[in-house]
Amino acid sequence: MPLVLTFLLLAVAAAWQPAAAVVGAGNGGAGQAGMEFVRGCCAHTLYPRLCRAGLAPYAAAVHSSYARLALASANLTLTTLDALAARIPPPGSGGALGDCAEAVAAAVDEAARAAERLRGVEQAVGLEVIWRVGDARTWLSAAMTNEDTCAEGISPRKSAPAPVRAELRARVRRAKQYTSIALALVSMLVSNPRS
């Protein structure tokens, strides 16, 4: 009797195995299509490898929507700027680092405004799409200007100790790269607003 029971359990398990594999393949296929879409869009940015690496976690949710990809990219820029802001002494601390902190705080606000404008693009029609995309591009461009201001402020040797300057320069460079990627992907919305 135990041998028959074991055989039945193995038979049931074998019958369920292909069904689970088909379900998994369906989800993987959707994720794969999303990753191909991200890869194709990222190829049109100045930093395609960074773009793919940063946006890969969002590929399944983005699937093939330019609007969702642009929003994910703006949110990634915002997250990167928030992390940068956390590493700089607070505004008002004086000197180049204080100026950098103020510039990064402004960039965080501008990236948040860009993301907010992009949230409604997928449902928008007509001139509202152009208005939202234009606003998002303006806010992201302003964020990049503030990132540049911070980078210029921490360049002089007397601005901070060398290890601090090196870390901040690397973080500002990464934030500028993500902002550039977001600008490129938002610009794609002009010709692909509803996809």
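This is a short guided tour of the structure above, one selection at a time. Keep in mind that the model is predicted.

**Stop 1: the cysteines**

Start by showing the cysteine side chains. How many disulfides does the structure hold? Two. Counting the bonded cysteines along the chain, they follow the pattern 1-2, 3-4.

Select C42 and C51, which are joined with an S to S distance of 2.0 Å. Turn the view until you can look along the S-S bond: the angle about the bond is -65°, making this link left-handed. Both ends are tucked away from the surface. C42 has a relative accessible area of 0%, and C51 has 1%, and each of them counts as buried.

Now jump to C100 and C150, the partners in another disulfide, with 1.7 Å from S to S. This link bridges distant parts of the chain: C100 sits in helix 5 (residues 95-118) and C150 in helix 6 (residues 127-153), 50 residues apart. Colour those two helices and the bridge should be easy to follow. Here too both ends are buried, with a relative accessibility of 1% for C100 and 0% for C150.

Before you leave the cysteines, click on C41. Why is C41 not bonded to C42? The two sulfurs are 7.0 Å apart, which is too far for a bond, and C42 holds the closest cysteine sulfur to that of C41. C41 is buried as well, at 5% relative accessibility.

**Stop 2: an aromatic pair**

Next, show the rings of F37 and Y66. A search of the whole structure turns up one aromatic pair, and this is the one: F37 and Y66 meet edge-to-face, 4.9 Å centre to centre, with 75° between the planes. F37 belongs to helix 1 (residues 2-42) and Y66 to helix 4 (residues 66-87), so the pair ties together parts that are 29 residues apart in sequence. Are these two residues buried or exposed? Both F37 and Y66 are buried.

**Stop 3: the cores**

Time to go inside. Select L55, L69, L118, L185 and L189: these have the most contacts inside the largest nonpolar core, a set of 35 residues. Helices 1 to 7 each give two or more residues to this core. Which helix gives the most? Helix 4 does, with eight residues.

For a closer look, centre the view on L55. Setting aside neighbours within four places in sequence, L55 is in contact with V38, C42, L69, A72, S73, L76 and L185. You have met C42 already, at one end of a disulfide. Apart from this core lies another one, of 20 residues, and A101, A111, A151 and A160 are among them.

**Stop 4: the two sides of helix 2**

Select residues 48-55, which make up helix 2. Within this helix, L50, C51, G54 and L55 are buried. These four cover an arc of only 110° around the axis, so they lie on the same side of helix 2. Flip to the other side and you will find R49 and A53, which are exposed. There is a simple rhythm behind this kind of arrangement: an α-helix has 3.6 residues a turn, so residues three or four places apart point the same way.

**Stop 5: three single residues**

Finish with three individual picks. The loop between helix 3 and helix 4 is where you will find H63. What is its phi near? The phi of H63 is near 50°, a positive value in a residue other than glycine. For background, most residues other than glycine have a negative phi. H63 is partly exposed, at 35% relative accessibility.

Then select G134, in helix 6. With 31% relative accessibility, G134 is partly exposed too. Draw a C-alpha to C-alpha distance from G134 to A114 and you should get 9.5 Å, for two residues that are 20 apart in sequence.

Last, pick T179 in helix 7. T179 is buried, with a relative accessibility of 0%. Which residues does T179 touch, not counting those up to four places away in sequence? Show T77, L140, M144 and E147, and you have the set.

Definitions and conventions: Residues are numbered from 1 along each chain as its sequence is written. This is a predicted model: local features need pLDDT of at least 70, side-chain atom pairs count only at pLDDT 80 or more; totals for chains, interfaces and linings use all residues. Side-chain values use heavy atoms; hydrogens and water are left out. A disulfide is a pair of cysteine sulfur atoms within 2.5 Å. Buried means under 20% relative accessible area, exposed over 50%, partly exposed in between (1.4 Å probe, protein chains only). Rings of Phe, Tyr and Trp (its six-membered ring) pair if their centres lie within 6.5 Å; planes under 30 degrees apart count as stacked, over 60 as edge-to-face and the rest as tilted. A nonpolar core is a set of buried Ala, Val, Leu, Ile, Met, Phe, Trp, Tyr and Cys residues joined through side-chain atoms within 4.5 Å. Contact means heavy atoms within 4.5 Å. The arc is that of the directions from the helix axis to the C-beta atoms.
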